[in-house]
Every structure is written in C-alpha cells, then in structure tokens.
Amino acid sequence: MDGKKTVFSAIKPTGTPTIGNYLGALRGWQTMQDEYRCIYSVADLHSTTIYIAPAELRKNTLELLSLLLAVGIDPEKSVLFVQSHVPAHAELTWLLNCNTQFGEARRMTQFKDKSAKHPDNVNVGLFDYPVLMAADILLYQADCVPVGKDQMQHLELARTIAERFNNKYSPTFVVPEGIMPATGAKICSLSDPSAKMSKSDDNENGYILMTDDADTIRRKFKRAVTDSGSEIRAGADKPGITNLLTIYAAFCGITLGKAEADCAGMGYAEFKMRVADAVIAGLAPVQKRFAEYMNNKDYLESVMRNGAETAARMAVRTLEKVYRKMGFVRLQHNRG
Ligand code: TYM
C-alpha cells in the first residue's frame, strides 16, 4: 500500500449539477486526487428514489460522467465509475439494512423533506437511501468523504452503522470522516437564500447550472434576491448578499473577508455583475472540456468499463468479509 488515505464520494445524475454541487463537492474532489487514493461515483441507483424518465437518466449519467472528467477527475489517478455497474453496492445495502434501525432512518431530514415534497411517491428506496449511501462509502473502506453540508447527517448514519457492525461482529469497516469545504459547503438558492441551491428547484432562477451560458448566468444573478440596506457585507441579517459573497469568494479562491473588501462600496447591481463574471470565467474552461468529452462516447465507455472493473475488485473484498462475518456460507472459489 502507498500509505495514502482513501476518499470516496458520489453525486446523483438527477439533472445538470449546479454551482452548489461544484463548490460544495466536485471542485474539492479534483484537488484531493494527488494526496489521497480517490474513488468517485455517479450514483445512478440513488437517482431513482424520485421518478426520473428513463431517457433522462441515460442522458444525465453520460453528461455527469463528462462533467466529472471536465472538472479534472482523472481516471489515471482516481477510480471513476457508475454505481449500478458494481453490484456489490446493492448487495451490501441489504446486509446493512439488517444492521440499521428503522428509527434511525426515519429521523433523516432529507427523507422527511422529500416525502413532504413528493407525497404520492414515498417509496421504500427513498427511506433506504442513506443505507445505500453507507454501503457506497463502507465498501471502499473510505477514511474521508468530501460532501456539502446537506449530506453530513447521512454521513453520521454511515458512521453509526459502521461502528455498530464493528462492535457486533468484529472490526470490519473503517469509520469514515465527513469533510466539508471551508467556503461553499452550503450554497443557497438565488431566489430564496434560506434554502440550499438545488438542481431540483422548481424555480430555475434559483440555481446556476454548470452548463449555463454567460447570458443565462448574468440574467439569473440580475434577478437574485438581495437584502434591505445597500451595504455589501456578510452577516446573518444579510442572507442574500452573504450567499453572493460566498459564491464570489469561492470562485476567486479568496476568503469571505477579502471578498467583502473587494466589493465594498459597490451598488447591488454592479456587485451582482461582478459575481456573475467570476462564475462565467470559472466555469468557461470546464464547459469547453465538457463539450469535448460529450463528443467522445467511446472514451466515456472505456472510462466506465475500467472504473467498474477496478471498483468491483475493491468492493468485493469488503463484501465477502461481511458475508463471512455474518455467517453466510460462501462457495470455495468465490469472488473475494
Ligand atoms: P447530490 O447529488 O445531491 O450532491 C452532490 C454533492 O454536492 C453537494 N451539494 C451542495 N454543496 C453545497 N451547496 C449546495 N447547495 C449543494 N447541493 C449539493 C452535496 O452535499 C454532495 O456532496 N447522496 C448524495 C450522493 C451520494 C454520496 C454517496 C455522497 C451517494 N452515495 C456516498 C457521498 C458518499 C447526493 O445526493 O448528492
């Protein structure tokens, strides 16, 4: 072994990622690739807990893979794969289901929010979602899991499940740590700064997609909700401006304090265009590479194939251990 710590993270192909996904997760994924052994996944199994049209799921999966390559996830350095290509994820989920309490899963905020938002489709998958997420992480014995703030509760559950299993059977899983970026762990909606920016928002002015063109980005920032007063500063009484400053700081790679100093004295309209320009400039190279990858389906296929083979080899080692520890009879020349 090379002594490097292992990182695992994943993103759902439910639509084009927003700059919230980018700043909260994807950009950090890219920077961790030299220091850590990184494993990144397109979490397609997670995306079907809310109905998604089959054609859309197919399209989103390839787009997301291209976007991950475009932000700089390098398949020569990291394992990059599509979750459903590695059956061990579904198998470990079942085994972990039997080691997770109903009450623990019921407490998950995302489950409560999504059930309230889609009362006609409160499916068992939606309830089981965090257990699948725990399986993703624990299969690879991940030490660190870079995520945005909204996923920290799921990460706590993964830790609880790992600890319980380790105590009940014997040490089996690494207990993972969640890590969040210093700036950008929660990017809020441009139209409602009290809510997180989400690709599933009904109001398209609330989010900036990573593939939005310059005009769209300017238009959306122009409409962004601001606060009373005219000062450009961060603070609990200024959620709209704080969010815009956070986006600006994260795209420029500066602290919130420096962003405040840079923009002090500007009017709101000028400030919004300053933020829009930083976002446009930051996304431009990613968008260019994205278009190139989307035009190279053979390459995408080879990335998926190689990633799935490597991930499956790693995952099955943990899975076999879990089966054996729980007392399942395994065949002699089994996969592990
Ligand atoms: P997903 O697809 O909703 O989001 C992917 C990543 O983006 C982060 N994120 C944000 N960060 C800051 N501000 C926002 N507004 C914002 N919106 C989203 C998320 O925190 C996440 O890190 N369940 C996960 C996917 C997943 C996973 C895993 C993650 C499946 N298995 C195992 C970690 C480990 C999800 O739905 O992410």
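**View 1. Polar contacts of the ligand.** A polar contact is a pair of N or O atoms within 3.5 Å; within protein, one must be able to donate a hydrogen and the other to accept it, and residues adjacent in sequence count only if both atoms are side-chain atoms. This is a predicted model, in which local features need pLDDT of at least 70 and side-chain atom pairs count only at pLDDT 80 or more, while totals for chains, interfaces and linings use all residues. Residues are numbered from 1 along each chain as its sequence is written, and side-chain values use heavy atoms, with hydrogens and water left out. A side-chain N or O atom of Lys12 lies 2.7 Å from an oxygen atom of the ligand; a polar side-chain atom of Lys199 is 3.4 Å from a ligand oxygen atom, and one of Gln151 is 3.3 Å from a ligand nitrogen atom.

**View 2. The shell around the ligand.** The ligand is surrounded by 27 residues (a heavy atom within 4 Å), the closest being Lys12, Tyr129, Asp136, Asp150 and Ile187. Of the residues in this shell, 13 are nonpolar, 8 polar and 6 charged.

**View 3. The largest nonpolar core.** This core, a set of buried (under 20% relative accessible area, 1.4 Å probe, protein chains only) Ala, Val, Leu, Ile, Met, Phe, Trp, Tyr and Cys residues joined through side-chain atoms within 4.5 Å, has 60 residues, and those with the most contacts (heavy atoms within 4.5 Å) inside it include Tyr22, Phe221 and Ile247. Not counting residues up to four places away in sequence, Ile247 touches Ile19, Leu23, Ile187, Leu190, Phe221, Val275 and Val279.

Technical notes. Nonpolar A, V, L, I, M, F, W, Y, C, P; charged D, E, K, R; others polar. Buried < 20%, exposed > 50% of the residue type's maximum accessible area, 1.4 Å probe, protein only.
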